[in-house]
Amino acid sequence: MSGEGLTIRDLRVTFDGFTAVDGVNLDIQPGDLRFLIGPNGAGKTTLVDAVTGLVKAGGSVRFGDEELLGRPVHRIARLGIGRTFQTATVFEQLTVLQNLDIAAGAGRGPMTMLRRRKGIPEPVANALQTTGLTDLRDRAAGVLAHGQKQWLEIGMLLVQDVKLLLLDEPVAGMSHEEREATGELLRRISAERTVVVIEHDMDFMRSFARSVSVLHAGKVLSEGTVAEVQADPRVQEVYLGRASEPEPELAPESEPQPEPSAPAAATAAEEA
Amino acid sequence: MSGLSISRRGLLAGVSAIGASAALSACGAKTGSDTSSGSGATADTSGSTVKVGLLNSLSGTMAISEVTVHNALLLAVKEINAAGGVLGKKLKPISQDGASDWPTFAEKAEALIKNDEVVATFGCWTSASRKAVKPVFERYKSLLFYPVQYEGLEQSPYIFYIGATTNQQIVPALDYLKKQGLTKLYLVGSDYVFPRTANKIIKAYAKANGMEVLGEDYAPLGSTEFSTITNKVKDSGADAVFNTLNGDSNVAFFKEYKSAGLTAKKMPVLSVSIAEEEVKSIGTQYLQDQLTAWNYYQTTPGAANETFVKAYQAAYGAGKPTSDPMEAAYISVYLWKAMVEKAGSFDVAKVRAAADGIVLDAPEGKVTVDGATQHVYKTARIGKVGSDGLITEVWNSGKPVKPDPYLKGYSWASGL
Amino acid sequence: MTVILNQSFTGISIGAVLLLIALGLTLTFGQMGVINMAHGEFIMAGAYTTYVLQKSISSAGVSLLVALPVAFLVAGAMGALLEWLLIRRLYTRPLDTLLVTWGVSLMLQQLARDVFGAPNVQTHAPDLLTGNISLGGGITLANNRLFILGLALLCVLGLTLILRLTPLGRRVRAVVQNRDLAEVSGIATERVDRTTFFIGSGLAGVAGVALTLVGPIGPTMGTNYIVDAFLVVVVGGIGQLKGSVITAFVLGVLQSVLEYSTTVSVAKVAVLVAIVAFLQWRPQGLYTLRTRSLA
Amino acid sequence: MTTSTTSPAKKVSVAQPPVSPLERFRVPAAFLAGAVLLLGIAPLVLSDFRLNLLAKYLCYAIVAVGVSLAWGRGGLLVLGQGVFFGLGGYAMAMHLKLADAADTGQALPDFMQLYGTSDALPWWWKPFANPAFALAMTVVLPMAVAALLGFLVFRRRVKGAYFAILSQALAAALSIWLIGQQATTGGTNGLTDIQGFFGYSLNDPVNQRMVYLIIVVVLLLLMAAARQLFVSRYGELLVAVRDCEERVRFLGYNPANVKLIAYVVAAGMAGLAGALFVPAVGIISPALIGIVPSIGFVIGAAVGGRASLVGAVLGAIAVAWAQSTLSDAFPAAWTYAQGLLFIVAVGFLPGGLASLPTVVRNRRTTTARSGEAA
């Protein structure tokens, strides 16, 4: 077990008066495989956005000894914090190999950058192996299937050598076998790194979560092991007590309108 | 023209593939040594026709004005051909489009001289385009006839300036204003060389003649927002405005001027870049009774002008006005013809030598070529815009004014 | 004091012109994100409409009033046609739209040259609009400027009402905020796009009519205004009418004050520098639609 | 939206086949062919006049190399290249004017004597008397301005459209400023009537040819340098930034810096092109700086193929050639043709003419596939 822990204190995010994250406290130990669950609009993705510097937030987020709030996105990333997005976001015009090579290279010096890539760097080769994309390495990422793109994203985090992975619905749209494989992958990864997963798929959560935090209306509703959380009556109320909300298992990836965390959405909105 | 560089040209084929900078030091004339290429104008005059170049902006922002000059040039060429040509040879006009872009003018001038081998070129409008082509004509020792009034301070051996220089337009206009008792002036102009130079002259003149310049404003070319400048003019308490604005800006300026309650009666505007064509596009509603300074108007009396206006309208449409630059362009071809015929040759050196003293009974009145400056003697005329859109003369200089591009004959201008 | 008051009015009237030319862009650029460089040529179309109408209607006042709706329809139709022919294919490529519509703008200018001739044409302004109102103490308000100011405010009011109150306005806003959601909610987004473009371009036509009172009418008149108009929307902020309104008047006053105290060139350069500096401070403009994940 | 990975219907075709050995030699071979054509053959078959025109077009081509990098690869629509072209051109022209004046024993360049307000050379002209300083400035000045603007703009994440409009505004501002400073910049006239080029008379056609050769060599060197950037890791990163800037940020890069480099390099290339334009054409003026020429610089690259180096260069040359050849014969028709060219090339053929073979091939082989490929 190595890596550093994530400590969140009194995190607040507001959008024009609407409080999306309302005083969240979280402690995620090194080596944890933490699942964040909660109904739509609970503030899960916004929390990840705040940790990775995408939205402004109040309170404190510390990774090891470093305060993250107020730092630009790329500085936070360089501290070893990586994330994926609800919609798999890869560089579609580049090949799988190029995608991974870029992810591996944030620390490269100018001379390396200005030279052509010769061969395949070892971490990249390993990541290709781990994600099973070796045969597809010269294919443009844009033509990959959805699940493959998500694996590629995880692969990019691996070569990036992050200590904390924040994954936003990594198994959405995957077949059962693929979910199992992804889960195993996450488990292996979390041996050396800290992993936080936002997920709606309860089966998936039950199979792989080491600990779970339930968010509701911007607050932490419950926290603990899978069993503890499932036993919590407040959680049951939130998930089952509202008629409008379908059983979460049944509605995994069709999370509607809000939470447009994907960079593509951000870019489109800014450019509009 | 020395053979020095010609002999070296053979080297070129050999060295061209080698590193260029190394080769540069191996050949080519140095600056200062007078070896201007050895490739003077190579006009071909052997056939039954000779080519003349017409260099105007047929596209771009200046096309508005320059197309009319181009038309006038074509008319003159057609008339001359109908009358038997020059030295028995018909003229073949070659039109090149300067596209309102100065480097393009330079390129096209070179194309006319080198590719088309024209015997002479007519055209250019803006000072900037003239400045751009000047080195080209000087390098190839070919002739340009420039038809537009300009800011003076220039005398290239290879350019004939058929439009007015400052002492044939600006200075007489100031004389007129002074005579009218309009001694407090406000200067408004477009931001380029002609207005700035003209205003320098105006300020020197004012100082020496007890006149006063109350303000001076420049608008970027094409600017169409004049409310602030108009406010400044209005607040200044000037007697008159001296207007050197160009093109579109005039339209916006006069619309603003009128809505500010200023009129020709209260504060007349004397413009030096508004001819009949521009009056049409601004509208007499805004321009009536305002003053202009030129050497020619469509209404200028005389048989020569009647013929010219008739011929022009027959060729290009009954309502088409004629203007000073068009007239200057038109006579420039006739002046060149007279020079060639006097010289008995198309040779540039001989034509230049023959130029002095050529007289033409032009639509604008009698003009005489001054060989020393390569300008022409022209009569200055102040006009007033009538309700019919035509300009009628209210004053003239009485006799053609000797061109003085550097204003050497005016003591007050010595400091310029 | 007189100077200050007169200059303020001048600034406001410059602002009114800016507002009028930028108003259409707040829809097509601000709401739809389309960089339409041919917007200036729609202004030109409005001006030429006035010119053509004046040839058949001799009264300058009547022809001006008739020209307003006709120019709206003419320019609007041109805009809708442009949207249908080209722009709808380019919604995902906003920068390419810029270059494509630049090509369109070149062609429209040449068309105007071929139809109406290269020189500027003149229209006759109604006598009522060539005078001015004197408020005493040397303060005068030019009638044509008052007319433009009123027209601009009227257009802003009309546009606001359309966007706020009509079903069309609701659909437009819905499409702007979330195209996919609007589409699945049964809104014919393509038709909304075309209608939005029609109105935006039509407003350019109205601006063109107003500009005949103050500026030249010629094939290249649109190019004089296009960059200024875009800057107004950029500084005002995307998707917000009030941002553009405030920006237009602030830039107008700034321009007139600087022009009075320095020169036109200096004023122009200074205003541009001020805009770049402002965008450092607020890169999204004065007002912006705030969404999540987009600080 | 989401389909299963294992679905057999989702089999995809290979988008980028691995580079074959033949492909590897294609680029150097094409480069060599271009070099032979421009350096060896063109000077032999073209007249002085035509060669001089070609020199001018090649200057535009040098700008296009930078446009291809910044826009084609980096997605930055650089609509202010005229600014950098102008800065480079003015830096060079200022030196040449001073050298001309010194040759004839004058203290001031000719235009300053005519229109200037002072008998002394303005302080900011003085250093340009030094040839090394002036040469350095032709590149440093545009790069410094680009770095400053780029830093301000990219840092605040001002996005595509705003950047394009700001670039245009900058171009307009610089040309207005230059025009307003007639006494020291020559105003609208610009700096004209340049006689010599580092001691060699430009009136001599032999020297004109040498200027042409220098331009060719610079163009080829810059193309080689750009090509290296394209295939380098930086080139890949630049494409990544173009396609999804935010994602790059989460990988620990600062996309602002990645874009800044492309922008500054493109500016330097435009500056160099402007500097070489001066001896080739003999003039630099504000007319080359404003909005229209700035768009012109981009259009050549768009027509040829913005993302393809060779396409962009050939496009720039072809458009410039067409402009000067066709505009005389058919001024009106040419304007229509030009507009149509923009529309077709940018709107319907975003890869430019360079992509035409690929587009045709794709159309022929796979008619069923949806035309998603950009």
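Two residues are in contact if their C-beta atoms, placed from the backbone, lie within 7 Å. The model worked on here is predicted.

**Exercise 1. Place B:Thr228 and list what it touches.**

Solution.
- Step 1: find the element. B:Thr228 sits in helix α9 of chain B, residues 227–236.
- Step 2: apply the contact cut-off, leaving out residues up to four places away in sequence. B:Thr228 then touches C:Thr10, C:Ser256, C:Glu259 and C:Tyr260.

**Exercise 2. Decide whether B:Thr228 is buried, partly exposed or exposed.**

Solution.
- Step 1: recall the threshold. A residue is buried if 20 or more other C-beta atoms lie within 10 Å of its own.
- Step 2: take the count. B:Thr228 has 25 C-beta neighbours inside 10 Å, so this residue counts as buried.
- Step 3: add a distance within chain B. B:Glu256 lies 28 residues from B:Thr228 along the chain, and their C-alpha atoms are separated by 9.5 Å.

**Exercise 3. Find which pair of chains shares the most contacts, and describe the chain B side of that pair.**

Solution.
- Step 1: rank the pairs. Five pairs of chains are in contact, and chains B and D share the most contacts.
- Step 2: count the residues. Chain B brings 51 residues and chain D brings 45 residues.
- Step 3: assign the chain B side to elements. At least two residues each come from α1 (4–9), α2 (11–15), α3 (20–24), β2 (90–97), α5 (102–115), α6 (127–140) and α8 (193–208) of chain B. The largest share is that of α5(B), with eight residues.
- Step 4: sort by residue class. The side of chain B that touches chain D holds 22 nonpolar, 16 polar and 13 charged residues.
- Step 5: check chains A and B. They do not touch, and their nearest C-alpha atoms are 27 Å apart.

**Exercise 4. Give the domains of chain B and describe how domain 1 meets domain 2.**

Solution.
- Step 1: set the bounds. The domain assignment gives domain 1 as 49–164 + 306–377, and domain 2 as 166–296 + 380–415.
- Step 2: locate the centres. Taken over C-alpha atoms, the centres of the two domains of chain B are 26 Å apart.
- Step 3: count the contact. In chain B, 29 residues of domain 1 meet 23 residues of domain 2.
- Step 4: name the elements on the domain 1 side. α4 (63–82), α6, α14 (324–343), β12 (365–370) and β13 (375–377) of chain B each supply at least two residues. β12(B) gives the most, with four residues.
- Step 5: sort the domain 1 side. Its residues divide into 10 nonpolar, 12 polar and seven charged.

Methods
Residues numbered from 1 in each chain as written. Chains lettered and ligands numbered in written order. Predicted model: local features only at pLDDT ≥ 70, side-chain atom pairs only at ≥ 80, totals over all residues. Nonpolar A, V, L, I, M, F, W, Y, C, P; charged D, E, K, R; others polar. Domains from an automatic or database assignment. Buried ≥ 20, exposed ≤ 12 C-beta atoms within 10 Å, placed from the backbone.
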